[in-house]
Amino acid sequence: MAETKQFRAIKGTRDILPPDSAVWDWFERTAREVFESYNFGEIRTPIFEETRLFARSVGQETDIVSKEMYRFELHGSSLLSAIRVELFEREAWFHNPQAGSTLDWLIRVFAGELRDMMQRGDLARTPESVEAAEKLEPLGQALIRDQKEFEAKKDHADLLEDRFNANVQSVRHLIRHLDLGEQVALRPEATASVCRAYIENGMHTRPGNVKLYNIGPMFRRERPQKGRYRQFYQVDVEVLGQSDAPGIDAEVIEMLMEFFRRVGLKKTKLHVNSIGDKNCRPAYVELLREKLRQVKDRLGADSQRRIETNPLRVLDSKVPEEQEIIATLPRISEHLCDACREHFSQLKRELALRGIQYEENWRLVRGLDYYTRTTFEVTAEGLGSQNAVCGGGRYDGLVELLGGPPTKGIGFAIGTDRAILSIQEAGSAPKLPGSGVYVAWMGQAAYPAAIGIARKLREAGVSVELPAEEMKFKKSLGLADKLGARYALILGEDEVASKTYTLKRLADAEQMKLREAELLEYLESERRGTRA
Ligand code: ATP
Ligand code: MG
């Protein structure tokens with residue numbers, strides 16, 4: 001018997017099912033409402049982009065780019081890439097004429113795939129790829145001939161080996177610089193894509209600040225645990241434009257906290273910091289590096305590595321033994337240049353003006369390279385060590401780094417999975433109305449009437465469950481109960497004959513007889529009452 005495999009969602013990904021999905025929908029809908037009240041508009045960007053976009057913006061040395069991205073090649077040329085790697089990385093091919101037929105086989109697979117892809121239009125017909133497609137197979141033949149001659153007459157082995165090596169070299173030469181398709185990655189975050197879109201669509205010519213939000217999944221290859229997934233969801237906000245007024249930072253933070261208030265996220269804590277800019281941060285980073293080198297022996301392996309690659313990240317460390325040492329390190333607030341110090345104190349004034357509670361946290365540096373000046377994070381309860389529900393900050397200069405005009409920017413990303421987890425654990429998720437009316441019909445004469453009234457109720461905005469098969473009333477009402485319907489609409493032959501409906505409220509079994517117009521009016525006013 002064939003073994004039947006039980007398919008499962010990929011590790012670190014999960015399904016979001018009703019009724020939970022209604023909470024997700026409500027969460028995202030509330031975000032849209034709040035953001036639109038601050039005059040933000042939605043941007044939807046692709047889920048994958050060129051790998052280089054993320055490497056350039058998030059930073060090559062960050063965890064996200066160096067180890068967490070899901071990368072692949074467009075157009076499925078991974079076969080070509082794999083063979084190329086094989087031909088290049090194995091020095092053992094050289095000086096080994098007996099590998100001739102194996103090489104020939106790899107070359108034929110490569111050349112065949114290359115031709116197919118050019119034919120399908122999946123790979124550009126560059127002069128290099130056309131040449132490779134033409135010349136590779138004859139070279140494969142030559143390698144087989146070398147192998148045969150080598151095996152036949154061992155006396156000229158040296159000469160044959162030289163010829164063989166030269167042929168291998170020619171193969172490599174032909175394929176070394178071939179463009180085998182774009183390197184792309186699933187997006188690990190949204191800011192890079194939004195900046196790319198801002199540049200590509202010339203959005204800098206729009207009046208005022210460009211205020212955008214983006215909602216969707218992100219992908220990072222991390223160790224899955226509570227509140228940490230490989231496909232997770234973010235609600236992302238960005239403001240791009242010419243101004244870096246601290247009032248923009250404060251308003252973005254105000255909007256964030258207002259959103260959290262509306263969705264009932266409890267015990268949130270807002271942490272803010274300034275990490276300086278290109279004028280003052282480099283000197284601070286050097287100072288930090290100096291101090292860290294002095295205490296290197298007392299730090300763990302990760303922090304030791306970061307002293308050289310990204311010393312700011314040491315401040316993020318959660319390793320208990322390192323906390324005491326970190327507390328003694330120099331603080332950026334004492335090393336900000338005048339402009340950054342002024343920006344930060346104005347931000348704090350702006351936050352106070354809006355009545356926003358915050359805590360200054362000098363260790364908040366964030367793990368992405370593009371941040372300058374303002375950084376902030378919000379933590380919430382019930383999440384254990386994965387308690388950050390939002391991270392954000394200013395990224396002046398990022399657009400320029402990506403090839404666009406000089407532009408200021410600030411934004412944040414809310415982790416939807418964690419925020420919803422926290423809301424649910426605190427028991428503050430709303431009770432969202434389920435199905436409203438279950439149509440319990442019986443008798444073939446009642447069926448057309450049931451279809452008709454279901455359509456009218458649905459048009460009036462009522463959620464209706466209409467069973468497709470006839471059932472005894474008792475069974476039908478039992479199912480209505482289990483489905484959590486508020487009402488059962490009873491429709492039998494009597495009702496059809498008298499043109500009335502029996503509406504039964506399932507919570508208290510109260511029944512009323514209504515004509516169609518009365519029924520519609522009743523349910524509609526009821527709906528307005530419960531949803532308002
Ligand atoms: P953390 O320190 O928790 O790893 P981060 O600094 O990597 O977070 P950001 O890149 O700033 O996170 O993303 C913003 C928010 O997205 C985080 O505050 C968090 O709520 C959420 N988030 C990040 N990574 C994940 C993940 N793997 N699974 C679920 N949510 C995540
Ligand atoms: Mg992380």
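**Arg 373, the ligand 1 shell and the overall fold**

At 11% relative accessibility, Arg 373 counts as buried, since the limit for that class is under 20%. The residue belongs to strand S9, which spans residues 372–379. Its backbone carries a positive phi, near 50 degrees, in a residue other than glycine. These values, like those that follow, come from a predicted model.

A positive phi also occurs at Asn 39, where the angle is near 65 degrees and the residue is again not glycine. Asn 39 is placed in the loop that links H1 to strand S1 (41–42). With a relative accessibility of 59%, Asn 39 counts as exposed, because the threshold for exposure is over 50%. Thus a positive phi is found in a buried strand residue, Arg 373, and in an exposed loop residue, Asn 39. A further backbone feature lies in the segment before helix H1 (20–37), where Pro 19 is found. The peptide bond between Pro 18 and Pro 19 is cis, with omega at about 5 degrees.

The chain as a whole contains 19 helices and 16 strands. Its radius of gyration is 32 Å, whereas a compact globule of 532 residues would have a value near 24 Å. Along the principal axes, the C-alpha atoms occupy a box of roughly 110 × 70 × 50 Å. Half of the residues, 50% of 532, count as buried. The exposed surface of the chain amounts to about 27500 Å², of which carbon and sulfur atoms supply 50%. Of the contacts between residues at least 6 apart in sequence, 73% join residues at least 24 apart.

Ligand 1 is surrounded by 15 residues, and the closest are Arg 220, Glu 222, Tyr 229, Arg 366 and Ala 388. By residue class, this shell comprises six nonpolar, four polar and five charged residues. Three strands, S6 (231–241), S10 (388–394) and S11 (408–415), each contribute at least two residues to the shell. The greatest contribution is made by S10, which provides four residues.

Polar contacts to ligand 1 involve side chains of both acidic and basic residues. A polar side-chain atom of Glu 222 is positioned 2.6 Å from a nitrogen atom of the ligand. On the oxygen side, a polar side-chain atom of Arg 366 lies 2.4 Å from an oxygen atom of ligand 1. The side chain of Arg 418 likewise places an N or O atom 2.9 Å from an oxygen atom of the ligand. Of the 580 Å² of accessible area that ligand 1 has on its own, the protein covers 87%.

A separate site was examined at Ser 317, which is located in the loop connecting helix H11 (301–309) with helix H12 (323–326). Although it is a loop residue, Ser 317 is buried because its relative accessible area is 10%, under the 20% limit. Beyond residues up to four places away in sequence, Ser 317 touches Ser 303, Glu 322, Gln 323, Ile 326 and Arg 363. Among these neighbours, Glu 322 also engages in a polar contact, side chain to side chain, with Ser 317 at 2.6 Å. Ser 303 falls within the range of H11, while Gln 323 and Ile 326 fall within that of H12. The surroundings of Ser 317 therefore include residues from both helices that flank its loop, in keeping with its buried state.

Key
Residues numbered from 1 in each chain as written. Chains lettered and ligands numbered in written order. Predicted model: local features only at pLDDT ≥ 70, side-chain atom pairs only at ≥ 80, totals over all residues. Heavy atoms only, no water. Near = heavy atom within 4 Å. Polar contact = N/O pair within 3.5 Å; in protein donor to acceptor, adjacent residues only side chain to side chain. Areas by Shrake-Rupley, 256 points an atom, 1.4 Å probe, with all protein chains shown as cover. Nonpolar A, V, L, I, M, F, W, Y, C, P; charged D, E, K, R; others polar. Rg over C-alpha atoms; globule rule 2.2 N^0.38 Å. Buried < 20%, exposed > 50% of the residue type's maximum accessible area, 1.4 Å probe, protein only. Contact = heavy atoms within 4.5 Å.
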